[in-house]
Each structure stands twice: as C-alpha cells, then as structure tokens.
Amino acid sequence: VTDDGPLLDQLAEAMGSPARDVVIDLAGCLVRFRLAESAVAVLERFELVSSPGSRHADFEVTCVPPEAVPAAMRGAVAVASSRTVRGRNLRRGYYATDNFGPPAEMVSDGRRFVVIAHDPEPIVWSYLVKHLLLRWSLEHRSLFLKGAALDWNGAGILLIARGGGGKTTMAMTLARLGGGLIANSHVLVAG
C-alpha cells in the first residue's frame with residue numbers, strides 16, 4: 001500500500017458533500033460509504049445502513065463518476081490507480097473472477113478507497129467488500145469465508161461452496177423450514 005493519503009484528501013475535497021453518506025455494518029466491520037448521486041445503487045445490496053453519526057468506521061469507500069475528478073488530478077489518479085495489479089485490472093475493465101465492465105479506477109491508502117466508475121456497484125460487490133472483510137478478519141483474528149450461515153435449533157450451520165454451488169438455495173430452503181438465516185454470502189467466524 002502506498003501513501004496516497006494526500007491524493008485521497010484532494011479527491012474527497014473535490015467531491016464535496018456526497019449525495020449519500022452512510023455506514024454499513026458487515027458483521028462488525030463498519031464501512032462508511034460516501035456516494036455521488038450516480039453511485040447510490042451500491043447500497044441496494046446492503047441491509048444494515050445507518051447515518052455515520054459518531055460511529056467510527058473501519059474503512060471508508062467513496063464512489064464518484066469519472067467526470068467528478070478534476071482534470072488537474074486525472075494524471076495523479078491514473079498513476080496511483082496503476083500501481084497495483086488490481087488497479088491495472090480495473091483500468092482494463094476486469095473487476096474480479098468473472099466480473100467485467102467498463103474501465104474504472106481505484107485509489108487507496110489501505111483504509112480509504114475511492115472508486116472512480118460510472119457504475120461502481122459491481123466493483124464494490126465483486127471485489128471491494130470481500131477485500132475489506134478479509135482485511136478486517138485478519139486484524140480481528142477471525143476467519144472470512146464465502147458462504148452462508150444459519151441457526152438451526154441453537155446449532156450453527158455453515159454452508160461453503162464456490163459461486164453457483166447452491167449456498168443461497170440451500171440456505172433459503174433451510175430458512176423456510178425454520179432455520180434462522182445469519183448470513184447469505186459472506187461469513188466471519190470468530191477465532
């Protein structure tokens with residue numbers, strides 16, 4: 001991780017007041033989202049949304065469209081977003097695994113992330129949420145799994161499979177049969 005803190009500060013200042021400023025609770029990992037109007041759809045996948053208030057977030061994600069980046073900053077953004085393999089992939093439109101789309105950029109100092117894209121939702125969901133949960137789990141001695149979790153008569157059930165492996169189908173079936181759905185996509189197991 002490089003020190004792109006000053007660039008991130010400049011981008012935040014250039015963005016001004018976001019259309020939405022919320023905190024998402026991802027099983028204890030608090031993520032503050034600062035979203036331009038065009039990026040508000042990012043929130044549709046999340047249920048636990050609250051205003052930031054005095055809550056300290058573990059990470060901050062700002063999403064802006066490319067035209068919101070001042071012309072004088074575009075060169076610095078291009079350099080910063082090209083430093084990593086992930087950044088170079090985003091610039092080519094490759095987000096993660098089987099998720100592709102228009103070219104995008106991301107600048108980060110490890111805690112704050114600025115996603116520059118017309119449609120940031122696939123980047124946030126396919127890559128960034130998993131990245132943040134993995135980082136948070138390492139810092140909190142937890143295990144991050146791509147899976148589903150349920151409470152079944154006081155016992156925990158953990159469903160693990162690759163994408164398309166039936167986790168959601170099985171979790172929803174068990175929930176309809178009386179199980180308590182804890183998580184459908186990402187699970188943090190305390191160690």
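**Cores, cavity and pockets in a predicted model**

User: Which elements are among those covering the buried residues of helix 2?

Analyst: This is a predicted model, and in it helix 2 spans residues 74-81, with Val 77, Ala 80 and Ser 81 as its buried residues. The cover over these buried residues includes two helices and two strands: helix 1 (5-15), helix 3 (85-92), strand 7 (105-108) and strand 8 (112-116).

User: Why do the buried residues of helix 2 end up on the same side?

Analyst: Start with who they are: Val 77, Ala 80 and Ser 81. They sit on the same side of helix 2 because, around the axis, they cover an arc of only 90°.

User: Okay, on to the voids. How many cavities of 30 Å³ or more turn up in the whole structure, and what is the volume of the largest cavity?

Analyst: Searching the whole structure turns up 1 cavity of 30 Å³ or more. The volume of the largest cavity is about 50 Å³.

User: Which element gives the most to the lining of that largest cavity?

Analyst: Leu 11, Ala 14, Met 15, Val 64, Ala 68, Val 69 and Pro 70 line the largest cavity. By class that makes 7 nonpolar residues, with no polar and no charged ones. With 3 residues, the top contributor is helix 1.

User: Which element supplies the largest share of the largest nonpolar core?

Analyst: That core has 32 residues, and Leu 26, Phe 33, Phe 46, Val 61, Val 115 and Leu 128 have the most contacts inside it. Strand 1 (20-26), strand 2 (29-35), strand 4 (59-64), strand 5 (94-96), strand 8 and helix 4 (121-139) each put in at least two residues. The largest share, 9 residues, belongs to helix 4.

User: What does Leu 128 touch, leaving aside its neighbours within four places in sequence?

Analyst: Leu 128 is one of the residues with the most contacts inside the largest nonpolar core. With those sequence neighbours left out, its contacts are Val 61, Met 106, Phe 113, Val 115 and Ile 123.

User: Now the largest pocket: which residues are closest to its centre?

Analyst: The largest pocket has a volume of about 650 Å³. Strand 1, helix 4, strand 9 (142-152), strand 11 (180-183) and strand 12 (186-190) each give two or more residues to its lining. That lining divides into 16 nonpolar, 3 polar and 3 charged residues. Of the 22 lining residues, the closest to the centre are Ile 182, Ala 183, Asn 184, Ser 185 and His 186.

User: Is Asn 184 buried or partly exposed?

Analyst: Asn 184 sits in the loop that runs between strand 11 and strand 12. Leaving aside neighbours within four places in sequence, Asn 184 is in contact with Gly 147, Ala 148, Thr 168, Ala 171 and Met 172. Its relative accessibility is 29%, and buried would need under 20%. So Asn 184 counts as partly exposed.

User: And the second largest pocket: how many nonpolar, polar and charged residues are in its lining?

Analyst: This pocket has a volume of about 500 Å³, and of its 21 lining residues the closest to the centre are Thr 97, Asp 98, Lys 130, Lys 146 and Gly 163. Helix 4 and helix 5 (167-176) each supply at least two residues of the lining, and helix 4 gives the most, with 5. By class, the lining has 4 nonpolar, 10 polar and 7 charged residues.

Notes. Residues are numbered from 1 along each chain as its sequence is written. This is a predicted model: local features need pLDDT of at least 70, side-chain atom pairs count only at pLDDT 80 or more; totals for chains, interfaces and linings use all residues. Side-chain values use heavy atoms; hydrogens and water are left out. Buried means under 20% relative accessible area, exposed over 50%, partly exposed in between (1.4 Å probe, protein chains only). Helices (H or I, at least four residues) and strands (E, at least two) are DSSP runs, numbered from the N terminus. The arc is that of the directions from the helix axis to the C-beta atoms. Contact means heavy atoms within 4.5 Å. On a 1 Å grid over the protein atoms alone, a cavity is a set of points where a 1.4 Å probe fits but cannot get out, and a pocket is an open set with protein on both sides within 12 Å along at least five of seven lines; lining residues have an atom within 4 Å of a point. Grid points are joined across faces, edges and corners, and a volume is the space filled by probe spheres set on the points. Ala, Val, Leu, Ile, Met, Phe, Trp, Tyr, Cys and Pro count as nonpolar, Asp, Glu, Lys and Arg as charged, and the others, Gly among them, as polar. A nonpolar core is a set of buried Ala, Val, Leu, Ile, Met, Phe, Trp, Tyr and Cys residues joined through side-chain atoms within 4.5 Å.
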